[in-house]
Each structure stands twice: as structure tokens, then as C-alpha cells.
Amino acid sequence: MFDVKTEFNFSNEHEGLVIGLFDRPEKFTGLLAKVDELFDGQLRELVKSGDISPKFKRINKIHTFGKMGVKRIWFVGLGKEKELSFEKARDAFGQLFKTIKKGNLEELAFLLESFTTEEFNGQDAAHAAGEAFALATYEFKGYKQKSNEPEKSLKSLTIYSDSFDQEELKASLTVGYAFGKGTNSARTLVNTPGNLLTASDMADYAKELATTYDFEVEILEKTEIENLGMGAFLAVNQGSTEPPKMIVLKYQGKDDWKDVIGLVGKGITFDTGGYSIKTKSGIVGMKSDMGGAAAVLGAMEIIGELKPEQNVVAVIPSTDNMISGSAFKPDDVITSMSGKTIEVLNTDAEGRLVLADAVTYAKHHGAEYLVDVATLTGGVITALGLHTTGVMTNHEQLYEQVLEASKEAGERIWQLPMFDTEIERVRNSKVADLNNSPGSEGHALVAGAFIAEFAEETPWVHLDIAGTATTSKESDLGPAGATGVMTRTLALFVERFEPIEK
Ligand code: BES
Ligand code: MN
Ligand code: ZN
């Protein structure tokens with residue numbers, strides 16, 4: 001799929017050639033000058049007239065009319081040389097792949113050096129290209145009888161470079177592609193409707209991942225979940241005809257099972273709200289309530305591909321949240337696996353209930369650091385909008401590591417506070433240790449504070465992706481629908497993780 005070569009020349013045959021164009025005074029040097037010569041200076045004219053633009057993210061195509069072995073050339077506008085960053089290059093590549101996707105092409109070559117600067121080297125460019133290739137060409141096939149897929153799709157990329165190590169370039173392309181592909185898997189899980197992705201389906205998917213990457217896998221069935229006393233998780237499943245699954249994947253990258261990172265993902269396959277039922281417009285789209293689980297599974301795929309020297313246990317509590325004669329109700333009091341009792345005030349605050357037992361169970365599997373990801377509250381959308389993931393933590397140093405990973409991934413996160421006032425609200429119940437919904441003020445904060453009660457002393461970071469898991473607008477790196485948000489942040493966090501001295 002990926003090829004790296006040296007010495008591009010005009011007789012090399014390709015369906016398309018891609019050249020990066022910086023906005024700089026001396027327009028053409030090196031190979032570009034030679035191409036211009038081949039076209040008798042016409043290229044220079046096209047740039048002058050604006051038909052080919054070096055402005056950031058502009059994509060322009062010319063035909064070569066038999067003058068070269070390549071049939072067409074795409075120019076990618078990169079803007080000012082000093083302003084190019086990894087994120088920007090990836091967006092520009094994204095635009096390119098989106099444009100080319102419509103062109104029925106199977107194969108494409110790149111002049112890598114045309115994308116590099118003093119600060120942005122060939123490996124960075126190859127990584128960005130590999131990641132954008134996977135992300136920007138993603139499509140959810142859907143279930144229409146007639147598919148609208150193009151007959152051909154882009155299958156192979158060749159990179160020409162004379163100044164960077166070929167093996168390293170190939171590795172960078174492959175790593176970038178793995179990050180994109182893991183994100184796409186998460187997107188597909190989220191885009192799949194609840195009738196076609198039940199908790200059992202999610203468990204089957206996890207088992208397949210385990211087979212592919214040699215993870216240890218454990219799927220807890222309902223009776224085992226009962227025996228372990230996971231009363232909070234079971235309460236949410238109580239109204240369903242679908243059995244619950246507690247899904248556990250273990251990846252061991254160190255000799256000993258120590259410094260274990262626990263990744264916990266909310267896996268509600270559909271959230272009706274239960275007896276605290278959602279509105280008829282609020283309920284639509286709730287197939288995405290397993291976005292946290294999808295991010296964890298997507299990250300595990302990347303981890304399986306890249307095999308970092310880390311230990312990871314992934315825990316996913318999966319069920320739908322339904323209504324029936326047997327469903328749990330407001331006023332019910334339930335007992336979690338930790339022993340803490342919970343007064344249910346709102347059955348639509350179900351995410352924190354399933355996460356409570358999942359966090360406890362991750363600790364039972366040796367997790368010494370916890371990161372949970374969940375489409376947890378509408379409140380986080382009120383607070384931060386649709387482009388920023390909310391974070392809470394009981395451990396600033398661990399949070400710093402997640403923050404660094406999120407910056408590298410280009411996925412924005414912003415910290416929300418956990419003050420004693422919110423902790424007190426969560427602990428305020430006449431009949432139980434905790435309540436699951438202490439009023440509508442600061443939904444995101446009290447939801448995080450609730451989960452913190454189960455993380456206890458273990459360093460923990462909580463990511464609320466209710467606003468970011470899906471998007472109604474397409475972006476440079478993908479279509480509308482599921483974003484696969486936090487897949488790459490989690491994988492990078494794991495890859496770069498440094499144990500914290502206690
Ligand atoms: N799954 C929802 C949160 C959500 C809302 C995700 C919108 C994506 C888009 C969650 O289970 C929920 O219902 N949260 C409630 C909690 C409240 C009832 C305490 C909320 O935030 O409104
Ligand atoms: Mn809910
Ligand atoms: Zn929910």
C-alpha cells in the first residue's frame with residue numbers, strides 16, 4: 001500500500017502526482033523549476049493568474065497532456081512556510097484526499113520534499129499524509145440498497161524523497177495510517193445503529209480485536225456481573241431484553257503487570273433515558289452513547305498495531321438503557337460493586353452508574369491509573385460547545401500527560417473544576433451514600449464528581465465527549481457523523497505514558 005522511492009523523473013508513470021506549494025517570493029526551485037521548464041514557463045503563469053494557488057488548503061489540478069509519465073498534477077497550497085505545523089499539514093492533506101476521492105483514482109505519488117520546511121521534516125510529512133489518507137477518505141457505507149461508492153478507490157501511495165531515510169518514511173506513513181484507521185473503526189462503531197450494535201455485538205467485536213492483536217479478553221456475562229455485585233451496571237440493564245456485557249481487554253507490553261493504565265469507555269448502545277425519558281427530539285442520535293467505548297476500542301487497535309512498552313486494561317460496560325415493567329426507576333436505591341449505595345434520582349444519568357462499576361472493576365484488574373471516556377452530559381455542551389472535550393481529574397500530573405497527548409493528536413480538551421461544593425452535592429442523600437443526579441446546575445461537574453467517588457485514591461482523568469463524539473458538519477479530516485474523538489489522544493497517551501512516582 002505504501003512505497004518509498006528516490007529520484008523522481010519525468011518518465012515515471014503515475015495516475016497522479018502531488019506537489020506542495022508554499023507561499024514564498026522565489027516560487028520555483030528544484031524539481032518544480034524543472035516542471036515549469038517542461039511546460040515552457042506556463043506553470044509560473046498559472047500561479048501568477050491564481051489558477052494554481054499556494055494559499056493554505058487550496059487544491060488545484062492540471063493535466064500534463066502527455067508531457068510527463070504522470071497524468072495529472074495536484075498542487076496543495078501550504079501557505080507561509082513558517083506557519084506550517086503538523087496539524088495544518090494534516091488538514092491540507094485531508095483536503096487533498098477529499099478532492100481526489102471523487103476522482104476515481106487508485107494510485108498517487110508525492111514529492112515529499114515539496115512539503116517539508118526546516119522545522120517540519122519528511123517523517124512529519126509522511127505521518128501527516130498517512131493519517132489524513134485514512135481519516136479524510138473515511139465513509140460510513142450505510143444500508144442503502146444502492147451504494148454511492150466510487151468504482152475505484154485510492155489504494156496505494158508512493159513517496160519520492162531523496163533526503164530522508166526510506167525505512168523511516170515508510171514507518172511514519174504506516175504509523176500515521178494506523179492512527180487514522182483506529183479512529184475510523186471507532187467512527188464506524190458509533191455510526192452503527194443500536195439495533196445492529198447491541199452489547200453482545202460490541203463484545204463480539206472486542207473478541208475479534210483480541211484475536212487479531214493477541215490481547216487477553218474477558219467478557220463478563222450477566223450471572224458473573226451479578227456475582228461480582230455490580231448493582232449500578234445491572235440497574236441500567238434491568239429494563240432491557242438485551243443481556244449486559246462487561247468487556248475487558250488486556251494488553252501487556254512490559255515484562256510484569258505493573259504501572260497498568262486502565263481505559264474505561266461508556267458503552268451505552270442506546271440511551272432512551274429510561275423512566276426519566278428523553279424528549280422525542282433528544283432521543284434521536286442516542287446510538288452514539290457508546291462513543292467512549294468506541295474510542296477505547298479504536299485506541300486498543302492502534303496499540304495492537306504499534307505495540308508500545310506499556311500495560312493497558314480496557315474496560316467497557318455495555319448495555320442499552322430501556323424502559324419496561326422491570327426497568328429501574330427514580331427513587332430506587334442500588335448497591336455498586338464498591339459497596340457504595342446510590343439513590344437513583346434520574347434514570348437518564350445512567351452513564352455514571354455503569355462507569356462506577358467499570359472503574360471499580362478496572363482497579364480489580366490492577367489499573368493504577370485511570371482514564372474514562374464517555375458521552376456523559378448535555379451539560380458539557382452547554383459549557384464548552386461542540387468542539388472541545390471536557391476534562392476532570394483528581395490528579396494534575398496525570399492530567400498533564402493526557403493534555404500533551406491531546407495537543408499532539410489535535411483534539412481539544414479543556415479542564416472543568418472539581419470543587420468540594422460539587423462533591424458534597426453528589427454525597428447528599430437521605431437514604432444512600434450518593435445520589436446520581438443532584439439537580440440541573442453544572443451537570444458535567446457533578447457527573448465527573450460522581451465517578452471520582454469510585455476512582456477514589458487512584459489517579460484518574462475523565463473525558464466527557466458528549467459534544468465532540470459526533471458532528472453535523474464535515475471537516476477536512478472526515479464526513480459528518482461520528483468523529484472517533486479521543487481515539488488518537490488515548491493511543492498517544494498510552495504510547496508516551498510515564499509512570500508517576502507515588
Ligand atoms: N447520553 C447522555 C448525554 C448526552 C447528551 C450525550 C447529548 C450526547 C448528546 C447522558 O446519559 C444523559 O442523558 N445525561 C443527562 C444527565 C442528566 C439527566 C443528569 C444530561 O446531561 O442531560
Ligand atoms: Mn442518559
Ligand atoms: Zn447516556
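Visitor: How are the donor residues of the manganese ion (ligand 2) spaced in sequence?

Guide: They follow D-x76-D-x1-E. Just so you know, this is a predicted model, where local features need pLDDT of at least 70, side-chain atom pairs count only at pLDDT 80 or more, and totals for chains, interfaces and linings use all residues. Residues are numbered from 1 along each chain as its sequence is written, chains are lettered from A and ligands numbered from 1 in the order in which they are written, and side-chain values use heavy atoms, with hydrogens and water left out.

Visitor: What makes Asp 271, Asp 348 and Glu 350 donors of the manganese ion (ligand 2)?

Guide: A donor is an N, O or S atom within 2.8 Å of the metal (3.2 Å for Na, K and Ca); water is not among the atoms, so sites may look incomplete. Here Asp 271 (OD), Asp 348 (O), Asp 348 (OD) and Glu 350 (OE) sit at 2.0 to 2.2 Å, so they qualify.

Visitor: Why is the site of the manganese ion (ligand 2) called irregular?

Guide: Six donors count as octahedral if opposite ones are over 155 degrees apart and all others between 65 and 115; four count as square planar by that rule too, or as tetrahedral if all angles lie between 85 and 135 degrees; anything else is irregular. This site has six donor atoms with angles of 71 to 168 degrees, and it comes out irregular.

Visitor: How do you know whether Asp 271 is buried or exposed?

Guide: Buried means under 20% relative accessible area, exposed over 50%, partly exposed in between (1.4 Å probe, protein chains only). Asp 271 has 3%, so it's buried. Glu 350, at 0%, is buried too.
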